[in-house]
Amino acid sequence: MIKEIISSEISNILSLHSEEYNEKGYYFENDGHEIYYEVSGNEYGIPVVFVHGGPGSPMGDYAKRFFNKDKYRIIVIDQRGCGMSKPFAKMKNNNTFSLIDDMEKIREKLSIDKWIVFGGSWGSTLSLVYAINHPERVLKLVLRGIFLARDEDVDWLYKEGASYVYPEEFEKFISPLTIEERKNPVKSYLKYLQMDLETAKKYAKVWSDWEHSCVRLIRKDNQSEISKSDISMAIIECTYFNNNSFLPTKNYILENTNKIENIEIDIVHGRYDVDCRLIGAYDLYKQLNNANLYIIQDAGHSSLEKGITHKLMEIMEEYSER
């Protein structure tokens, strides 16, 4: 079912849940990484794991806002190399299937049989790959801002496509590169991001500014200071995208939807999402038997935009009431 939603017309919009989640933070070691995760909410509630974007962006303070703390047992994880996970921005043993292994080990450690997997942007990619490989562990998928990690999805953002919507910002993105390097910005940026720290920070900031320019329907100015998350996102994201997101084939997710076609799936996508195109969400939806696609008419990519936030919260509240 496809539904087009204008945020101002959503009835019974849920108020934001209290941020008093009483979370507890933990570390566990895996493959030379120390993975940080938090557990909060109702110990006996419905298990849900929040899968953040990037790759390389941390969980963020907003991660738990989508879930009623009285009804859900909420698990949030900083993926390898970012946030509070250690070591910072390390790429050794950092790939898509190692992130899935971390999720599985945390699930087992917490004695969870099945959980809701809730992910947006790159988090939707990771959630889908997790579900393809562990469908028996998924109660439900809740996905936002679908990114299928195909060449065309990466090229849209970093070569040609989003550049037509934000030409001034894209010009700033490619300005540090030579004319030859601009033919493949993702490959070219990786060279600089692997140099000394000061060079990497300079290029990481430009990379991060470009992506942040594309995430909201009404864009906000970028921060002048470079943050830790700017650095980890640029290094990890650029490495992943230079390696087909460490997936076995170029179209891995759509080639394997038969493994998840009957899982209950809700897809929320902004009509004007420039970061991740709506066609990706539609392509995914068409191959599934038990999915809903909610198109938010007055939203871009960010989960913090009003219509997207409220729809995600509405989905989670409806499930908990069931």
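Two strands pair if DSSP finds at least two bridges between them, and in this predicted model Val-48 stands opposite Ile-74 in S5. The chain has a mean pLDDT of 94, with 95% of its residues at 70 or more. The briefing below takes up the sheet, the helices that lie across it, the annotated site and the confidence of the model.

**The sheet**

- The sheet is open and has nine strands, arranged in the order S1-S9-S8-S7-S6-S4-S5-S3-S2, with pairing that is mixed.
- At its edges are strand S1 (2-5) and strand S2 (24-30), each of which pairs on one side only, and from one strand to the next the twist averages 20 degrees.
- Strand S4 (residues 46-51) runs parallel to strand S5 (residues 72-78), and five bridges join the two; within this pairing Ile-46 stands opposite Tyr-72, just as Val-48 stands opposite Ile-74.
- S4 also pairs with S6 in the parallel sense, here over four bridges, and in that pairing Val-51 stands opposite Gly-119 of S6.
- Because five of the six residues of S4 are buried, this strand is largely enclosed by the rest of the structure.

**Helices across the sheet**

- Helix H10 lies across S1, strand S7 (138-144), S8 and S9, and its direction is at about 160 degrees to that of S9.
- Helix H11 lies across S1, S4, S5, strand S6 (115-120), S7, S8 and S9, and runs at about 165 degrees to S7.

**The annotated site**

- An unreviewed UniProt entry lists Ser-121, Asp-273 and His-301 under "active site"; these residues are spread over 181 residues of sequence, yet they cluster in space, with a largest C-alpha distance of 10.6 Å.
- Asp-273 is placed in the loop between strand S8 (265-270) and helix H10 (278-286), and the residue counts as buried because its relative accessible area is 6%, which is under the 20% cut-off.
- Apart from residues up to four places away in sequence, Asp-273 touches Gly-145, Ala-299, Gly-300 and His-301.
- His-301 sits in the loop between strand S9 (291-296) and helix H11 (306-321), and with a relative accessibility of 4% His-301 is likewise counted as buried.
- When neighbours within four places in sequence are set aside, the contacts of His-301 include both of the other listed residues, Ser-121 and Asp-273, along with Arg-144, Gly-145, Val-215, Asp-275, Cys-276 and Ile-308.
- Between the side chains of His-301 and Ser-121 there is a polar contact at 2.9 Å.

**A buried threonine in helix H8**

- Thr-239 belongs to helix H8 (residues 228-241) and is buried, since its relative accessible area is 9%.
- Beyond its neighbours within four places in sequence, Thr-239 is in contact with Met-91, Leu-190 and Phe-246.

**Confidence**

- Over residues 9-19 pLDDT stays under 50, and for this stretch the model has 22 contacts beyond four places in sequence.
- Predicted coordinates should not be read in detail where pLDDT is low.

Note on methods. Residues are numbered from 1 along each chain as its sequence is written. This is a predicted model: local features need pLDDT of at least 70, side-chain atom pairs count only at pLDDT 80 or more; totals for chains, interfaces and linings use all residues. Side-chain values use heavy atoms; hydrogens and water are left out. UniProt positions are given in the numbering used here, feature names are shortened, and annotations may be inferred rather than shown by experiment. Buried means under 20% relative accessible area, exposed over 50%, partly exposed in between (1.4 Å probe, protein chains only). Contact means heavy atoms within 4.5 Å. A polar contact is a pair of N or O atoms within 3.5 Å; within protein, one must be able to donate a hydrogen and the other to accept it, and residues adjacent in sequence count only if both atoms are side-chain atoms. Axes are lines fitted to C-alpha atoms, for helices over the stretch in contact, and angles run from 0 to 180 degrees between N-to-C directions. pLDDT is the predictor's confidence in each residue, from 0 to 100.
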